[in-house]
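Welcome, and please take a moment with the model below before reading on. The notes that follow start with one ionic pair and then widen out to the rest of the chain.

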Amino acid sequence: MDRIIEFSINHWDMVLALLATLAMLVWTERRKAAPSVTPQQATVMGNSDDALMLDIRSAADYKSGRVLNSTNIPFAELSKRLDDLKKYRDKPVVLICKTGQTAGSAANMLRKDGYSKVYRMTGGRVEIEEHTSELQSRSDLVCRLLLEKKKLDTLVVPAVHPSTYQSPPSTLL
């Protein structure tokens, strides 16, 4: 700890430059991005607040796996298709991209067009897939433990592809 203090005193200009850079980074990120919501919060918004789940990934990515009841408008086409979304101007709009990075730019575009309830889903589709595989791993572990302890003689688990599964109320698959 003493070395950090000594370094800070001896190199105050570098420490000041680092703090200024961090402050500018935080200010820029806060200014450009919409409030973020977790996939779980997005699910609740989609189910109870009648939010538009807007997937801004490419059509090919959307077809490979999507959030149920979501609308796909690729980011490259968003500025041309804002008229298609006018009916959602007063409703919450949750932006979904691949990793959560493109959603900030899309949020700026929507806010400039008059949308006030714009949110971006943290982690994007990648986080949903990680969460889904984590849940599957936990489920597999529990099933194996039950079989090992002879609490179950057999176990039948239906195979369901994520893009075809449509069990309410969860909209994130």
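## A salt bridge to start from

D113 and R89 form a salt bridge, and their closest N and O atoms are 3.5 Å apart. D113 sits in the loop between α6 (102-112) and β5 (118-121), while R89 sits in the loop between α5 (75-78) and β4 (93-96), so this pair ties together parts that are 24 residues apart in sequence. Please keep in mind that this is a predicted model.

**Around R89 and D113**

- D113 has a relative accessibility of 25%, so D113 counts as partly exposed.
- R89 is partly exposed as well, because the relative accessible area of R89 is 22%, and the cut-off for buried is under 20%.
- What else does R89 lie over, besides pairing with D113? R89 lies over the face of Y115, at 5.0 Å from the ring centre.
- Y115 also turns up among the residues that L110 touches, which leads on to the core further down.

**Overall layout of the chain**

- The chain has seven helices and five strands.
- Reading from the N terminus, the order of elements is α-α-β-α-β-α-β-α-β-α-β-α.
- Of the 173 residues in the chain, 28% are buried.
- How much of the contact set links residues 24 or more positions apart? Such residues account for 69% of the contacts with a separation of 6 or more.
- The accessible surface of the chain is about 11700 Å², and carbon and sulfur atoms hold 57% of that area.
- If you are looking for aromatic pairs, the count is zero by the rule used here.

**Other salt bridges**

- The structure holds six salt bridges, and the one between D113 and R89 was described above.
- R81 bridges to E77, with the closest N and O atoms 3.4 Å apart.
- R81 is partly exposed, with 27% relative accessible area, and E77 is partly exposed too, with 33%.
- Which residues make up a network of salt bridges? E77, R81 and D84 are linked in this way.
- K86 pairs with D83, and the closest N and O atoms of this salt bridge are 3.5 Å apart.
- K86 is partly exposed, with a relative accessible area of 41%, whereas D83 is exposed, with 57%.
- The D83 label follows from the value of 57%, because exposed means over 50%.

**A buried leucine in helix α6**

- Is L110 buried or exposed? L110, which lies in helix α6, is buried, with a relative accessible area of 0%.
- Leaving aside residues up to four places away in sequence, L110 touches L54, L82, L85, V93, L95, Y115 and V118.
- One of these neighbours, L82, is 28 residues from L110 along the chain, yet the C-alpha atoms of the two are separated by 7.9 Å.
- Y115 therefore appears in two settings: R89 lies over the face of Y115, and L110 touches Y115, with L110 buried at 0% relative accessible area.

**The N-terminal surface**

- M1, I4, I5 and I9 make a nonpolar surface patch of about 470 Å².
- M1 belongs to the segment before α1 (2-10).
- M1 counts as exposed, because the relative accessibility of M1 is 71% and the cut-off is over 50%.

**A long-range pair involving helix α7**

- E129 is found in helix α7, which covers residues 124-148.
- E129 is partly exposed, with a relative accessible area of 44%.
- How far apart in space are E129 and G65? From C-alpha to C-alpha they are 9.1 Å apart, with their positions 64 residues apart in sequence counted as separation.

How values were computed: Residues numbered from 1 in each chain as written. Predicted model: local features only at pLDDT ≥ 70, side-chain atom pairs only at ≥ 80, totals over all residues. Heavy atoms only, no water. Helix = DSSP H or I, 4+ residues; strand = E, 2+ residues; numbered from the N terminus. Buried < 20%, exposed > 50% of the residue type's maximum accessible area, 1.4 Å probe, protein only. Contact = heavy atoms within 4.5 Å. Areas by Shrake-Rupley, 256 points an atom, 1.4 Å probe, with all protein chains shown as cover. Phe/Tyr/Trp six-rings, centres within 6.5 Å; stacked < 30°, edge-to-face > 60°. Lys NZ or Arg CZ within 6 Å of the ring centre and 35° of its normal. Patch = residues over 30% accessible without salt bridge, like charges linked within 9 Å, V, L, I, M, F, W, Y side chains within 5 Å. Salt bridge = Lys/Arg side-chain N within 4 Å of Asp/Glu carboxyl O.
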